[in-house]
Amino acid sequence: MGGARLSAGLLQRRRTAALPPEEQRRISLEGREIPYRLRRSARRTLALQVDARGVRVAVPLYCTAGEAEGFVATHGRWLLAKLDAIAARPQPNRFAAVEGACFPLLGQTCRLRLDGSGRSARWRAGGDGLEELVLPASAAEPAVALVRALRQRALAWFAGRVAEYCHRLDLAVPPVRLSSARTRWGSCSRVSGIRLHWRLIHLEPALADYVVAHEVAHLVEMNHSPRFWSVVESVYPDWREARRQLRAAAACLPAIAPGDDHPINQED
C-alpha cells in the first residue's frame, strides 16, 4: 500500500511539473474571443477575476488547461457581462505631463511648467492668476516629479484638515499618511492613524473634506452603523450630497500615475 501511494504521488508530481505555471489563452464565448491569463499556484480552488487589466484565472498546480477552460465556460455569461460593464465605464482622463498642461488642484485649474531652475519643484502664481507648478528643467520624468509634488502638497493640506475635524470632535490628532489604494479614498485605524488618497488633492476642498470627516468619524465609531453616520453628520451635515458628488467627480480625475485609470468608488 505504501508503495502504491508513493507511485501515485510521483505520478502527480510529474503531471504537475509538466504544466506551465502561467500561460496566455483564449476562449470563445457566444461568438466572442476572450483572452485570459491562466495562472497555477499552490491553491485548492479555481477563481475567475475580471477588471480593467483583463481576465485572470487562478487554478491549482495540477489543473489542466482544459479543466480551466471548462471552469471559465461555466461562468461565461457572468464574464461577458463584467467585460461589457468595464467597457461602458468612462475612459480615464489621461494626463500628459508636458509644458503648459493644466490639471485640477483643490478644484481650481493649475498649470504645469517644465522650465524651472534648481533641483526641486516650486509653486507660484502665474501672470494670468492661475497657480503654477514649476518643475526643474532637468526632471527626467515630469509625470513622476508632478506626482511627488502633488503628494507633498496633499499631505500638508490633509494634516491640517484632519486636525480641524479632530478639534470639532474633541479628539487627539492621529498620524496622517497618504494612500494610493486602488478603490478606496481613505482608511482609519486607532493604531496607525488615518490614510487619505493623494488624489483627493485634485478635488474641491468641500468634497475632500467629506472624506476627511468620514475617516475622523471612524475614530469614534469603527463601523458604518447609524451611530457612525450621526457622528459624520454632526461635523459634515451635507454628507449625502457630498458622497454623491464624490462618486461623480472620481470619474473625471486626471490619470497621471500608473494605476490611476482604476475608478475610486469607496470612502473606505
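**Entry 1: a four-stranded sheet**

I began with an open sheet in this predicted model; its four strands come in the order E1-E2-E4-E3, and the pairing is mixed. I then looked for the edges and found strand E1 (22-29) and strand E3 (47-51), each of which pairs on one side only. Direction ignored, I get an average turn of 30° between neighbouring strands of this sheet.

Next I followed E1 into strand E2 (residues 32-41): the two run antiparallel, and eight bridges join them. I picked out serine 28 and traced its bridge partner in E2, which is glutamate 33.

**Entry 2: what packs on the sheet**

Two helices came up here. I saw helix H2 (residues 65-74) packing on the sheet, where H2 touches E1, E2, E3 and strand E4 (54-60). The direction of H2 makes about 45° with that of E1. Helix H3 (residues 76-88) also packs on the sheet, and I list E1, E2, E3 and E4 as the strands touched by H3. For H3 I noted an angle of about 20° with the direction of E3.

**Entry 3: the turn from E1 to E2**

I went back to the loop between E1 and E2, and glutamate 30 lies there. Its phi is positive, about 50°, although glutamate 30 is not a glycine. I wrote myself a reminder that most residues other than glycine have a negative phi. Is glutamate 30 buried or exposed? The relative accessible area of glutamate 30 is 61%, and exposed means over 50%, so I count this residue as exposed.

**Entry 4: a positive phi at aspartate 170**

I also stopped at aspartate 170, in the loop between helix H4 (142-168) and strand E10 (176-179). Phi of aspartate 170 is near 55°, again a positive value in a residue other than glycine. Aspartate 170 has 71% relative accessibility, so I log it as exposed too.

**Entry 5: aspartate 238**

Where is aspartate 238 found? I located it in the loop between H6 and helix H7 (239-250). Its relative accessibility is 49%; partly exposed runs from 20% to 50%, so aspartate 238 falls in that class. I also checked aspartate 238 against alanine 206, which is 32 residues apart from it along the chain: their C-alpha atoms are separated by 9.9 Å.

**Entry 6: the whole chain**

Stepping back, I counted seven helices and 13 strands in the protein. The radius of gyration is 25 Å, well over the 18 Å that the globule rule gives for 268 residues, so I describe the protein as more spread out than a compact globule. The C-alpha trace spans about 80 × 50 × 40 Å along its principal axes.

Of the 268 residues, 38% are buried. I put the exposed area at about 14,900 Å², with carbon and sulfur atoms supplying 52% of it. Taking contacts between residues at least 6 apart in sequence, I find that 48% join residues at least 24 apart.

**Entry 7: how far I trust it**

The protein averages a pLDDT of 90, and 92% of the residues score at least 70. Among the elements, I noted helix H6 (residues 226-235) with the highest mean pLDDT (98) and helix H1 (residues 2-17) with the lowest (48). Over residues 1-6 the pLDDT is below 50, and this stretch has zero contacts in the model beyond near neighbours in sequence. A note to self: where pLDDT is low, the predicted coordinates should not be read in detail.

Methods: Residues are numbered from 1 along each chain as its sequence is written. This is a predicted model: local features need pLDDT of at least 70, side-chain atom pairs count only at pLDDT 80 or more; totals for chains, interfaces and linings use all residues. Side-chain values use heavy atoms; hydrogens and water are left out. Two strands pair if DSSP finds at least two bridges between them. Axes are lines fitted to C-alpha atoms, for helices over the stretch in contact, and angles run from 0 to 180 degrees between N-to-C directions. Contact means heavy atoms within 4.5 Å. The radius of gyration is taken over C-alpha atoms; the globule rule is 2.2 Å times the number of residues to the power 0.38. Buried means under 20% relative accessible area, exposed over 50%, partly exposed in between (1.4 Å probe, protein chains only). Accessible areas come from the Shrake-Rupley method with a 1.4 Å probe; for residues, only the protein chains shown count as cover. pLDDT is the predictor's confidence in each residue, from 0 to 100.
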